[in-house]
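Reader: I'd like to go through this model with you, one question at a time. Could you give me the reasoning along with each answer?

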Amino acid sequence: VFVHSRKDTGKTARALTDLAGKSEDGALFDTRDNPRHSLVLKDVSKSRNRELQELFGSGFGINHAGMLRPDRTLTERLFAEGLIKVLVCTATLA
């Protein structure tokens, strides 16, 4: 999901997380059954980006130029591996 500003990445991701939680289809975003989830959780917990840590448990992630490069790389890798189901980002990702 592309948004226009850094601030909108977190705002939109939280709104989508809330909608998913209220929906019967919320389990579609859950990645805890992935065998790599517990290993990746350690990497995510080391991140200095609080939003990344908070959103990961719901299967959502963010990516924008204001994030540290290691956090952006981690988010991109997790999305590519299917451990983040929905990525809200700015044009930085493109």
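Reader: Happy to start with confidence: what pLDDT does the protein chain average?

Author: This is a predicted model, so confidence is a good place to begin. Of the residues, 99% score at least 70. The average pLDDT of the protein chain is 90.

Reader: Which element has the highest confidence, and which the lowest?

Author: Taking the means in the protein chain, the low end is α2, at 89. The high end has a mean of 96. So the lowest is α2 and the highest is β2.

Reader: Let's turn to the helices. What span is expected for α1 at 1.5 Å a residue?

Author: Helix α1 has 17 residues. The expected span is 1.5 Å times one less than the number of residues. From its first C-alpha to its last, α1 reaches 25 Å, close to the expected value of 24 Å.

Reader: How wide is the arc that holds the buried residues of α1?

Author: The residues in question are Thr9, Gly10, Ala13, Thr17 and Ala20. Seen down the helix axis, they line one face of α1, because they fall within an arc of 95°.

Reader: And which residues of α1 are exposed on the other side?

Author: The buried residues of α1 have cover that includes α3, β1 and β2. On the other side of the helix, the exposed residues are Lys7, Leu19 and Lys22.

Reader: Which elements do the buried residues of α2 pack against?

Author: In α2, the buried residues are His37, Val40 and Val44. They cover an arc of only 65° around the axis, which puts them on the same side of the helix. Lys42, Ser45 and Lys46 are exposed on the other side of α2. The packing partners of the buried residues are α3 and α4.

Reader: Now α4: how far apart are its end C-alpha atoms?

Author: Helix α4 runs over residues 69-80, twelve residues. At 1.5 Å a residue it should span 16 Å. The model agrees with that, since the end C-alpha atoms of α4 are separated by 16 Å.

Reader: Which elements do the buried residues of α4 pack against?

Author: Asp71, Arg72, Leu74, Thr75 and Leu78 are the buried residues of α4. They fall within an arc of 160° seen down the axis, so they line one face of the helix. The elements they pack against are α2, α3, β1 and β2.

Reader: Is Ala80 buried or exposed?

Author: Ala80 has its place in helix α4, and on the other side of that helix from the buried residues it is listed together with Pro70. Its relative accessible area is 68%, and the cut-off for this class is over 50%. Ala80 is therefore exposed.

Reader: Which residue with a positive phi follows α4?

Author: The phi of this residue is near 85°. The residue that follows α4 is Gly82.

Reader: What kind of aromatic pair do Phe29 and Phe60 form: stacked, edge-to-face or tilted?

Author: A search of the whole structure finds one aromatic pair. Its ring centres, those of Phe29 and Phe60, are 5.1 Å apart. Phe29 is in the loop between α1 and α2 and Phe60 in strand β1, 31 residues apart, so the pair links distant parts of the chain. With the ring planes at 40°, the pair is tilted.

Reader: Which of these classes fits Phe60: buried or partly exposed?

Author: Phe29 is partly exposed, at a relative accessible area of 23%. For Phe60 the value is 2%, and the cut-off for burial is under 20%. Phe60 is therefore buried.

Reader: Which elements give two or more residues to the largest nonpolar core?

Author: In soluble globular proteins, nonpolar side chains tend to be buried together. Here the largest nonpolar core has nine residues: Val3, Ala13, Ala20, Leu55, Phe60, Ile62, Met67, Val86 and Val88. The elements that give two or more residues to this core are α1, β1 and β2.

Reader: How many residues are in the other core, which lies apart from it?

Author: Among the members of this other core are Leu74, Leu78, Leu83 and Ile84. The number of its residues is eight.

How values were computed
Residues numbered from 1 in each chain as written. Predicted model: local features only at pLDDT ≥ 70, side-chain atom pairs only at ≥ 80, totals over all residues. Heavy atoms only, no water. Helix = DSSP H or I, 4+ residues; strand = E, 2+ residues; numbered from the N terminus. Buried < 20%, exposed > 50% of the residue type's maximum accessible area, 1.4 Å probe, protein only. Arc of directions from axis to C-beta. Contact = heavy atoms within 4.5 Å. Phe/Tyr/Trp six-rings, centres within 6.5 Å; stacked < 30°, edge-to-face > 60°. Core = buried A, V, L, I, M, F, W, Y, C linked by side-chain atoms within 4.5 Å. pLDDT = per-residue confidence, 0-100.
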